[in-house]
Amino acid sequence: MLAQIRDRKALERLPIVNLRSYLNSHGWTNAGPWGERPATIYSKDSGGTIWEVLVPTRDTVADYAESMAESISVLAEYEERSQLDVFQDLSASGADVIRLSSSNGLGREPLSLRQSATLLNDAFDLLAAAARAAERPQATYRGKMSSDVADYLDQVHPLPGYEGGFGLTLHSPVPAGFGQQDFGDDYAAPFSRLTTIKLAQALEFSRNAISKAVTEGSIEPFRQAVDFGVSANLCNSIAELAKQAHGINIELAWAEVRPANVPDSHFQFSSSSADTLQEVAKSFRFLEPSYDEQVIAQVVRLERDVEEFDGKAVIVSVRDGRPARMNVEFQQSAYDVVINAFRHHASISLDGDVHPVGRNLELRNPRNLIIVP
């Protein structure tokens, strides 16, 4: 028995532009308005039979949910699919779609609760790395993410159900556009599309860098790809997905409501490439600067006595599960807070840019300094 859509609220949330874009991209013809009623007729000839779908012209009419349900019913009958499948495709037409699947047969094995949680966490890290790179490319990200990144991640929806095994489909909604807007044209892409563009670039450059790094015995190809979204965070999330899935396929399909002039993308990373990616991630974390990092630390040393303190101090924080000493020079306005924290063994919170210098770390541009209660 084919599933039917009966959720009125879900139907009311389905945008008209999604239905229009879906019909346009699947060969349906706009046959014009339906008399004086607020609807447009889309038609398609199949073996001498004329199929018609009514598309509302506004979503404020009283029978909007019923009209969308009828359109889905016609499409499901024409395509010989369940209404649920059609509804999910209509939802996807308003979003860039990211599909994760095993490249080694794990897609047939049901996931446990723990495996499902790990999959979601790794997928979250993958998109978070791409979103942060869309905002500001850098080799590694630590600490809190910006409100723009957090808001974007709140908008991404995983499709429900893991009964199919190791696989996950994510919908990254984008606003409707008109014409080729996002890839090298005159219009600025919205942040959600910038993120999926950056994800596609980062996956492409990571895949190419793996081959070069193995051949050259150097991570330099990854360093050269940082501006294209490659980071320690992205490399580590791909590696975790590849290990868990015994090889990971990542597919990107662009939203039909916002046309793009590049094809859909497909990337594959083997489980053996995970070791390379994790080594790159480790090197980036230890060898590359980390900007705008939030640090919780203790002041363990003042370079001069309190009476002669000139702002230079040593703090200890925990990074990647290990204690890390950092040299830092504070502005005079922060002297009292630093001295007070040192005297009372109090923890401090501050933001700054962490730079490796030889075997040591320096925290530069310290700001937002407070004593942690």
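A residue counts as buried when its relative accessible area is under 20%, and as exposed when that area is over 50%. In this predicted model, Glu-288 has a relative accessible area of 18% and is therefore buried, because buried means under 20%.

**Salt bridges**

The structure holds 20 salt bridges. Three of them are set out below.

| Pair | Closest N to O distance |
|---|---|
| Glu-288 and Arg-223 | 2.6 Å |
| Lys-144 and Asp-351 | 3.6 Å |
| Asp-275 and Lys-243 | 3.8 Å |

The salt bridge of Glu-288 and Arg-223 links distant parts of the chain, with Glu-288 in the loop between helix 10 and strand 9 and Arg-223 in helix 8, 65 residues apart. Arg-223 is partly exposed, at 30%.

Lys-144 and Asp-351 form a salt bridge across 207 residues of the chain, from the loop between helix 5 and helix 6 to strand 12. Lys-144 is exposed, with a relative accessible area of 52%, whereas Asp-351 is buried at 10%.

Asp-275 pairs with Lys-243 in a salt bridge that joins helix 10 to helix 9, the two residues being 32 apart. Asp-275 is partly exposed at 47%, and Lys-243 is partly exposed at 38%. In addition, salt bridges with shared partners connect Arg-136, Asp-292, Asp-353 and Arg-367 in one network.

**Strand 12 and helix 6**

Strand 12 also contains Ser-349, which is buried with a relative accessible area of 9%. Among the residues that Ser-349 touches are Gln-294, Ile-296 and Leu-369.

Glu-135, Asp-148, Asp-151 and Asp-154 form a negative surface patch. Helix 6 supplies the largest share of this patch, 3 residues. Asp-154 lies in helix 6 and is exposed at 62%.

Methods:
Residues are numbered from 1 along each chain as its sequence is written. This is a predicted model: local features need pLDDT of at least 70, side-chain atom pairs count only at pLDDT 80 or more; totals for chains, interfaces and linings use all residues. Side-chain values use heavy atoms; hydrogens and water are left out. Patches are made of residues with over 30% relative accessible area and no salt bridge: like charges are joined within 9 Å, nonpolar side chains (Val, Leu, Ile, Met, Phe, Trp, Tyr) within 5 Å. Accessible areas come from the Shrake-Rupley method with a 1.4 Å probe; for residues, only the protein chains shown count as cover. A salt bridge is a side-chain nitrogen of Lys or Arg within 4 Å of a carboxyl oxygen of Asp or Glu. Lys and Arg count as positive and Asp and Glu as negative; His and the chain ends are not counted. The place of a charge is taken as NZ of Lys, CZ of Arg, CG of Asp or CD of Glu. Helices (H or I, at least four residues) and strands (E, at least two) are DSSP runs, numbered from the N terminus. Buried means under 20% relative accessible area, exposed over 50%, partly exposed in between (1.4 Å probe, protein chains only). Contact means heavy atoms within 4.5 Å. Lists of a residue's contacts leave out its neighbours within four places in sequence.
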